[in-house]
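Visitor: Pick one spot in this model and take a close look at it for me. Then work outward from there, and keep it relaxed.

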Amino acid sequence: MTHEVITEALASIGILHAEHYVICGDSYFTLGSAKGFTQRLLQPNLAEKFFKSIPDETSECKSDMSNDLGYNKRNFEYFSSLISTIEGKRAEEVAHRLLSKFMTIENVLCASEHEIVTEFSEKIAFFIKTLAYVSSRRVTDKLGFGSLHTKAAIAEYLKALFVGDSVEKLYLLTFDERGRFTACELLCEGTVNSSEVAPRKALTVAIEKGAHSVAIAHNHPLGRAKASIEDMKFTSSFTGIFATCDIKLVAHYIIAGQLCDIMSVGAVKKQQ
């Protein structure tokens, strides 16, 4: 990825690319910042309102669905305004092509970089992934470790955490003896249910963090926020693993876009 592409993509969402270091052994050199994009930092930060503006499938905006386009018109107008920061007059064309392929803004964010680069450009792919990351951090950074949080607050944190992910990921959330949220650790990526290293790593992390209770969370990219039979078996298995060290698994969060299904351990046992 070129220095100019990185600089322009970051500048378009209000982040200054101050320097680019290239390391070679004990030596290094710098490429300097591209000052031509400084003025763009003065533009309104459209990414700031982005995360709260993604409608889900039950949104009232559904009435604006256009049969000939196949995607939500309000999504198109909003997404065009975001894309205009890097594409200018071509923004509507690019937004139309992206939404025609992926249908929703959410799906665009979850698309792999390879998919976007293949049909569009490296700059657009980098901008979209950076937008997803920045929007996510504006939410996740607000939830402090060492404090008590409701399941609803943790669900909002996790929905933001998974924004832009095109593969399944599994996280472990740890809590102390007072129920305070102490850590969130990535356990594995890929097909969560087939991972052999996750249970061992999960137990190791829980012990290292001094956890009295834990929760697990994984995402269904472009899927539904609903527990499958495999998810129930997975939860039951982890419950037993943590119980060997007197650690209680309190919940399993399943995230799909801006939707969340929270499985309680009691519910899993009852259904088995």
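Guide: Let's start at aspartate 246, which has a relative accessibility of 69% and so counts as exposed, the cut-off being over 50%. Bear in mind throughout that this is a predicted model. Aspartate 246 sits in the loop between α10 and β6, and its backbone deserves a second glance: phi is near 60 degrees, a positive value in a residue that isn't glycine. As a rule, most residues other than glycine have a negative phi. Methionine 103 is another non-glycine residue with a positive phi, in its case about 75 degrees. That one belongs to the loop between α4 and α5, and with a relative accessible area of 35% it is partly exposed.

Back at our loop, let's go to the helix on one side of it. α10 covers residues 229-243, and its 15 residues should span 21 Å at 1.5 Å a residue; the end C-alpha atoms are indeed 21 Å apart, so the two agree. Its buried residues are Asp231, Met232, Phe234, Thr235, Phe238, Thr239 and Phe242. These take up an arc of only 160 degrees around the axis, which means they lie on the same side of α10. On the face turned away from that buried side you'll find the exposed residues Ile229 and Lys233.

On the other side of the loop comes β6, residues 248-256. This strand is mostly covered, with seven of its nine residues buried. What does β6 pair with? One partner is β5, which runs parallel to it and is joined to it by seven bridges. In that pairing, alanine 217 has tyrosine 253 of β6 as its bridge partner. β7 is another partner, antiparallel this time, with six bridges to β6. Look for alanine 251 across from serine 264 of β7, and for alanine 256 opposite leucine 259. Just two residues separate the strands in the hairpin of β6 and β7, where glycine 257 has a positive phi near 65 degrees.

β6 also helps to cover a helix. The buried residues of α8 are Ile154, Ala155, Tyr157, Leu158, Lys159 and Ala160, and what covers them includes α7, β3, β4, β5, β6 and β7. A good residue to click on here is leucine 158, which lies in α8, residues 151-161. Its relative accessibility is 0%, so leucine 158 counts as buried. Setting aside neighbours within four places in sequence, leucine 158 contacts Leu173, Ala217, Tyr253 and Ile255. Two of those names have come up already: Ala217 and Tyr253 are the bridge partners from the β5 and β6 pairing. Leucine 158 also shows how the chain folds back in space, as cysteine 260 is 102 residues away in sequence but 8.8 Å away C-alpha to C-alpha.

Leu173 leads us to one more pair of strands. Leucine 173 has cysteine 184 in β4 as its bridge partner. β3 (residues 169-175) and β4 (residues 181-189) run antiparallel, joined by seven bridges. Their hairpin has five residues between the strands, and glycine 179 there takes a positive phi near 85 degrees.

How do the nonpolar cores fit in? The largest has 26 residues, and those with the most contacts inside it are Phe79, Leu98, Ile124 and Ile128. Helices α3, α4, α5 and α7 are the elements that give two or more residues to this core. Phenylalanine 79, for one, touches Ala95, Leu98, Leu99, Ile105 and Val108, not counting residues up to four places away in sequence. Apart from that core lies another, of 18 residues, and this one brings us back towards where we began: among its members are Cys188, Val214, Ile216 and Phe234. You've met Phe234 before, as one of the buried residues of α10.

Finally, zoom out to the whole protein. It has 11 helices and seven strands, and 44% of its 272 residues count as buried. Of the contacts between residues at least 6 apart in sequence, 64% join residues at least 24 apart. The accessible surface comes to about 14400 Å², with 52% of it belonging to carbon and sulfur atoms.

Methods:
Residues are numbered from 1 along each chain as its sequence is written. This is a predicted model: local features need pLDDT of at least 70, side-chain atom pairs count only at pLDDT 80 or more; totals for chains, interfaces and linings use all residues. Side-chain values use heavy atoms; hydrogens and water are left out. Helices (H or I, at least four residues) and strands (E, at least two) are DSSP runs, numbered from the N terminus. Buried means under 20% relative accessible area, exposed over 50%, partly exposed in between (1.4 Å probe, protein chains only). Contact means heavy atoms within 4.5 Å. Accessible areas come from the Shrake-Rupley method with a 1.4 Å probe; for residues, only the protein chains shown count as cover. Two strands pair if DSSP finds at least two bridges between them. A nonpolar core is a set of buried Ala, Val, Leu, Ile, Met, Phe, Trp, Tyr and Cys residues joined through side-chain atoms within 4.5 Å. The expected span of a helix is 1.5 Å times one less than its number of residues. The arc is that of the directions from the helix axis to the C-beta atoms.
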